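This briefing sets out structural features for a computational chemist. Please inspect the sequence and the structure before reading on.

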Amino acid sequence: MTIRTKLLLFIPLLVLLVNSVTFFLFQSGKVVQQSYDLMMNRILLYKQSAQAAEDHLKTLYAYLLNPGEDRKAELDRERAKLLELRAALAGLSGASPHTSELTGYLHLLDTQMEQALAALPGGTPARYEEAETTTRFIREEEQHLVDLELSSYQPVYKQIQAENDRMNRLAAAVFVVNTLLSVVVAVWISRSVTGPVNRLVEMAGQISRGNLNPEPPPLQSEDELGILSDAFKRMLADLKLLIEKDKERLEMGRLVKELELQALQSQIHPHFLFNTLNALSKLALLEGAERTSDLIVSMSNLLRYNLRKLDRPVTLREELEHVREYVTIQQARFRDRFQIETDIDESALEVPIPALTLQPIVENAFVHGIERMEQGAVIRLTVRREPEHMRLTISDNGRGMSEEVRQALLRLEDDNGARSGQDTAKKESTGLGTRNVFKRLQLFFGRGDLVDIDSKPGEGTTVTIRIPRGKEGETAHVPADDRR
C-alpha cells in the first residue's frame, strides 16, 4: 500500500468519526435548547403582556386626567404594543400544555382593551374601574401561568439534566478516544513516513560531508519511500563512479599539461627569437630596406605582446597600439586592397581591459571578412565614451556570417558545424579566437551582456563591445585554445 493510499484511507476515516460524534452532540444539544427556548419564550411573553396591560392602564389614566393629542398618541402606541403581544401569545397557544388557561388569559387581555376604549372621554367613566380590576386579574393570571409552566417543565428539566450528563460523559469518552486515535495515527505516520525520511536525510548529510560509504537505511517497504531509498542507493553508486572517472580525467589533464609544458620548453627561447628579429631589422635597415625593417619591428612587437601573461589587464591605449602593429603587418600583405578607418576618443584610452581583446576581432575581420575582396575593403574601429560605459566597435564590409554562426558566437558555443562551408584553413591565425575573447570579457567584468554582433551574409559584420566604466581589478587566466 502506498503512502498516499494510507493517508487517504486512515485520516479521512478518523475525521469522519470525529465529525459524526460532534454532529450527534450538536443535534442533541440543539433539541434541548429548542425546548428550553420555547418555554422561556412563553414565560417572557406572559411577563411582557402583563406589563403592557399595566402600562396601557397607566396611559389611559393620564389621558383621562389631561386629554391631549400627545396623550392620545401615546395611548394608541401602548394599545398597539399590547395587541402585538396578544397576537404572539395566540400563536403559541397550540404548542402550550395549558391551552385552556392561556385562552382565558387572552380573553382577559381583550376585556381590558374593550374596557379601556369604553372609558375614553365620551364613553362611560365607570368602565375605568373595571379595567383596573381586569388588570389585577391579568397580573394574577400571568403569575399563575408562569407557575404552571415551571411546574410542567420540571420533568422536562430533569430529563434535560440527565441528557446533559449523558452528553458530558459521551464528550469525555469522545475526547479520550480521539486523543488515543490521534496519538496512534501520529506514531504510525512517524514510524512509516517521517522515520525513513529522517534516515535518508541523515544519509544525505553524511554524503555531503564527504562520507561516500554511509550505512544505507534498512527499508524493505514497497511504497514510495522504498523506491526513493533504492534510487538513493543507485545515485550514490553512480556518484562514486563519476568521481572515479573525474579523478581519471584530472590525472589525464595533468599529464597533458606536463606534455604541453615540455613541448613549449623544447621550442625556441623567446629572447633568442626577439634578438634574431632585432638583428634582421638592423640588417634590413643597413641594406636600405626601411619598409622591411619596420615590418620586422612590428612583427617583433606583435609576438612580444602575444607572449605576455593574459591574466593581467592592459589599458585600451596599449591594446590599440597592438592593433596598429598588426595592421602594419597586414598592410604589407593586402597593400591598397583595404582601408583602416579609426575614430578614437582619447579620453577613453585609460580604461583597463583584458589583453588581446581587439586584435583577435580585427584579425577575424581580415581572415573571415575581407580577405577575398580585391578592392574596396574597409575596416572601421571606433572608441566612444558614453554615460555608463565605453563603446568599442569593429566593423567591416566583408562577406558577413550566417545567423547560426552569429548565435553560436554569442552563446559561446562550438560553431564548427555551422561554418562547415567556410575554408577551415582560415581558422588558424596568429591571435586568440573571438569566442575566447568573449569568455575573458565575461570573466573579467562579471557580466554576459557586453558583446553584440550584427551581421548578415554579404552585408559585413559589426562587433560592439561595451566596457563598463570604473572597472577595477584584473581578470583571471583564460585558456588560449578556444578559437573561432
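The points below cover the fold, the nonpolar cores, the aromatic pairs and the salt bridges.

The model is predicted, so local features need pLDDT of at least 70 and side-chain atom pairs count only at pLDDT 80 or more, whereas totals for chains, interfaces and linings use all residues. Residues are numbered from 1 along each chain as its sequence is written, and side-chain values use heavy atoms, with hydrogens and water left out.

**Overall composition**

- The chain has 11 helices and seven strands, taken as DSSP runs numbered from the N terminus (helices H or I, at least four residues; strands E, at least two).
- Of the 484 residues in the chain, 35% are buried; buried means under 20% relative accessible area, exposed over 50%, and partly exposed in between (1.4 Å probe, protein chains only).
- About 28,700 Å² of the chain is exposed, and carbon and sulfur atoms supply 56% of it; accessible areas come from the Shrake-Rupley method with a 1.4 Å probe, and for residues only the protein chains shown count as cover.
- Among contacts (heavy atoms within 4.5 Å) between residues at least 6 apart in sequence, 74% join residues at least 24 apart.

**Nonpolar cores and surface**

- A nonpolar core is a set of buried Ala, Val, Leu, Ile, Met, Phe, Trp, Tyr and Cys residues joined through side-chain atoms within 4.5 Å.
- The largest such core has 41 residues, and L316, L320, F366, F438, V451, I465 and I467 have the most contacts inside it.
- Another core, of 21 residues, lies apart from the largest one and has A52, L85, L145 and L148 among its members.
- Leaving aside residues up to four places away in sequence, I465 touches T357, I361, M390, R391, L392, L441, L450 and V451.
- On the surface, L9, L13 and L16 make a nonpolar patch of about 280 Å²; patch residues have over 30% relative accessible area and no salt bridge, with like charges joined within 9 Å and nonpolar side chains (Val, Leu, Ile, Met, Phe, Trp, Tyr) within 5 Å.
- L13 is found in helix α1 (residues 3-65).

**Aromatic pairs**

- Rings of Phe, Tyr and Trp (its six-membered ring) pair if their centres lie within 6.5 Å; planes under 30 degrees apart count as stacked, over 60 as edge-to-face and the rest as tilted.
- The count by this rule is five aromatic pairs.
- F444 and F445 form an edge-to-face pair, at 4.7 Å centre to centre with 80° between the planes, and both residues are buried.
- One aromatic cluster is formed by Y326, F338 and F366.

**Salt bridges**

- The chain has 17 salt bridges, each being a side-chain nitrogen of Lys or Arg within 4 Å of a carboxyl oxygen of Asp or Glu.
- E142 and K47 meet through their side chains in a salt bridge (3.2 Å, N to O). Because E142 lies in helix α4 (residues 127-208) and K47 in helix α1, the pair ties together parts that are 95 residues apart in sequence.
- E142 is buried, with a relative accessible area of 0%, whereas K47 is partly exposed at 35%.
- K72 and D76 form a salt bridge (3.3 Å, N to O); they are four residues apart in helix α2 (residues 69-91) and therefore separated by about one helical turn.
- R317 and E350 form a salt bridge (3.0 Å, N to O). R317 lies in helix α8 (residues 316-334) and E350 in the loop between β2 (338-344) and β3 (352-354), so the pair ties together parts that are 33 residues apart in sequence.
- R317 is partly exposed at 34% relative accessible area, and E350 is exposed at 52%.
- K47, E54, R139 and E142 are joined into one network by salt bridges that share partners.
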